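User: Please examine the model below, beginning with the ligand site and then turning to the domains.
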Amino acid sequence: MVTMKSPVTSLAGIGPKKAEMFAKIGVHTVGELLRRFPRAYQNRGDIRTLAEAGMTGDYCAMMLTVGTRPSTALLKNRMTLTKFSAFDDTGKCEVVFFNQNYIKDAFALGATYRFWGKLIYQKNKWSLTAPQFEPFTGARPLPDYVPVYPLGGGIGQKMMRATVGIALASLDEVQDVIPEVIRKKYNLLSLQDALYTVHSPMNPERLAEAKRYFVFEELFLFALSVARSQKECTGEKGILLTLSDADMNAFLSALPFTLTDAQSRVLSEIRKDLASGFAMHRLVSGDVGSGKTVIAAAAAYIAVKSGYQAAMMAPTEILARQHYNDLAPLFSSLGIRVGLLVGNMTPAKKRKVHEDAARGELDFVIGTHALLTESMQFRAPALMITDEQHRFGVKQRAALAEKGENLHVLVMSATPIPRTLALVLYGDLDISTINQLPPKRQKVSTFLVDESYRARLNGFIKKQADEGRQVYIVCPAIEDTADDEDEGGQLVTMGGEVIDKKPLRRAVEYAKELSLAMPTVSVGCLHGKMPAQEKDRVMAAFEEGRISVLVSTTVIEVGVNIPNATLMVIENADRFGLSQLHQLRGRVGRGAYKSWCILVSDSENEDSLRRMRALCETNDGYRIAEFDLAQRGPGDFFASEESNRQSGEFKFRVASLCDDTELLSSAFAEATRVISQDPELLAEENKPLKEACDAFAFAGKNTLS
Ligand code: ADP
Ligand code: MG
């Protein structure tokens, strides 16, 4: 019996050798294989006649009948050639295969096949060389869409498709994750149906149903983890942290600026929480550049001045270091000892931080996930801060709060989440909003340009650098990876979007290109696959102005603050979500200089264009977020795997495809109901749910270290 938990070797044709290849891409069980969704679909439902196919000159699907018996001949160069003729109502062509003798037995005279290939005219006839084909019997329609998988481990598209096909055919029974009542209520497919459909969709409508199932499943599991951790931490008593106005003013007057009204309001909300006797659970939401860091610092100051310790966790080393560099001088002038803890430090240095914090010789520790390890303990912890909290998993946020008893929790988010969505996502948190930017902030002028603008753009980049300013260039990809096979034709994603096959700018190559084109300008490159030390070195060089133009991937998306940077160029801008574009733009316009954001895109897709134009029209993150919610649905607020891969945070696989706010609310409502009835998920009918939920929470946690 083959189940989701069976090893892939239980499938016919998968021996130890192939199993090893699958292991390389993290696939050990049938379930892991089937949960590796296609990255796109080839549309073979759009059948062309031979007459049409000849005119398109591109790959397409044709329904042809075999007209002559296949014959094989040996060529001079020792290759073999198998050919036969095939026809439809509009004409005939020759179908040719090289070195595939066995193929002649695959075709029966008079039978019809769906071919996929490129029809070309040569030597006075139309021919189709080495096409893909599927027999068409008429008894069962062929699926419109053929899956295109993400590859790796030396596995080709054909082998991937075949193995998934075998797995689907041999799968006995699939246990559902979502309880049946809930599935019925929301008209969701069973897991088994959803799996069949996602790998072999008969048509776009069915695919949309499968997508809806997986989106719901993921949101539901996410909501369950939120609900479970929420239960653990509401209404508990908290450490009393009070601070006199005089002491608070000592902090405020050490700042090089005065707080905005919004910052003052949020700070007083936090002070009230800390002095309430209950544990604080507060989210500070504020647009990029609204000044959240200083509010976090003020909260830490209150904790330390009350005799306790505080910690702040950031999603990337770059950001943690930057917070440390910004805050350490301020705090040391106030007699507060600040430490830094990131993965990329020598064991000796880490140990020193661990020891100092445990002995109470550090008051405030700033770091990355490294803060979550067992060896990081505090003598008298009171406040745990998470910056850019949407980059962390629920479990990670909870793990930080578990560094002590009844800790106060402050989380910061620069993603301007519309209020409706925030209530669903952060039901367990009180929300403060910094709805005002510091004075004299310049609007970042934003323009959308296409390739024809390239030369002028390069001139503009050089001009900024020559004037002593700095430039970010963000690319959607790192470097050319040859592990994908392009079989031609139009590709559609699970969300129904047609994939733009315009070539992507790749950070590594583009950086080389630019430094050749501008020999007098110092160009650097930064991406997530670089070793941490190298990343730090590049980032430090950029901060110190030794690099003028930084070509990077989205690693610089969150938090980085370089006031001298005045130009943000985003290549293939249509590839990014609106909120993400806004975050990236937030990296410039942070100093006294006029700043620009240039979106480069050749896309003709209406939705993409609307998105990019919206960004050109406004700098207001909340308006952009509302627009995004209306246009793209809530999914855009769940960072997708694609944009997460680089910094190794929490991964959503499909929730980023969610285009339906109601579905999101339903998933949360049901999760809350399930948890209120069975908090530990111990009921027999919730067993599969508990298993899935634990696995889900773990997925958010396995990036520790
Ligand atoms: P974010 O909310 O995106 O985290 P930061 O905390 O990084 O924003 O602040 C952005 C910049 O604004 C920093 O250089 C910070 O020093 C500055 N800043 C913060 N508050 C004020 C203020 N009230 N007046 C002037 N500048 C401020
Ligand atoms: Mg910030």
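User: How many residues surround ligand 1?
Analyst: This is a predicted model, in which local features need pLDDT of at least 70, side-chain atom pairs count only at pLDDT 80 or more, and totals for chains, interfaces and linings use all residues. Residues are numbered from 1 along each chain as written, chains are lettered from A and ligands numbered from 1 in written order, and side-chain values use heavy atoms, without hydrogens and water. The closest residues to ligand 1 are Gln263, Gly289, Lys292, Thr293 and Arg441. Counting each residue with a heavy atom within 4 Å of the ligand, the number surrounding ligand 1 is 16.

User: Which residue has a side-chain N or O atom 3.0 Å from an oxygen atom of ligand 1?
Analyst: A polar contact is a pair of N or O atoms within 3.5 Å. A backbone N or O atom of Gly291 lies 3.0 Å from a ligand 1 oxygen, and a polar backbone atom of Ser290 is 3.4 Å from one. The side chain with such an atom at 3.0 Å belongs to Asn561.

User: What share of the accessible area of ligand 1 does the protein cover?
Analyst: Accessible areas come from the Shrake-Rupley method with a 1.4 Å probe. On its own, ligand 1 has 560 Å² of such area. The share covered by the protein is 82%.

User: How much area do domain 1 and domain 3 bury between them?
Analyst: The domain assignment, automatic or from a database, gives domain 1 as 8-41 + 148-201 and domain 3 as 444-618. Their centres, taken over C-alpha atoms, are 35 Å apart. Buried area is the accessible area (1.4 Å probe) that two parts lose on being put together, summed over both. Carbon and sulfur atoms account for 50% of the total, which is about 910 Å².

Notes:
Polar contact = N/O pair within 3.5 Å; in protein donor to acceptor, adjacent residues only side chain to side chain.
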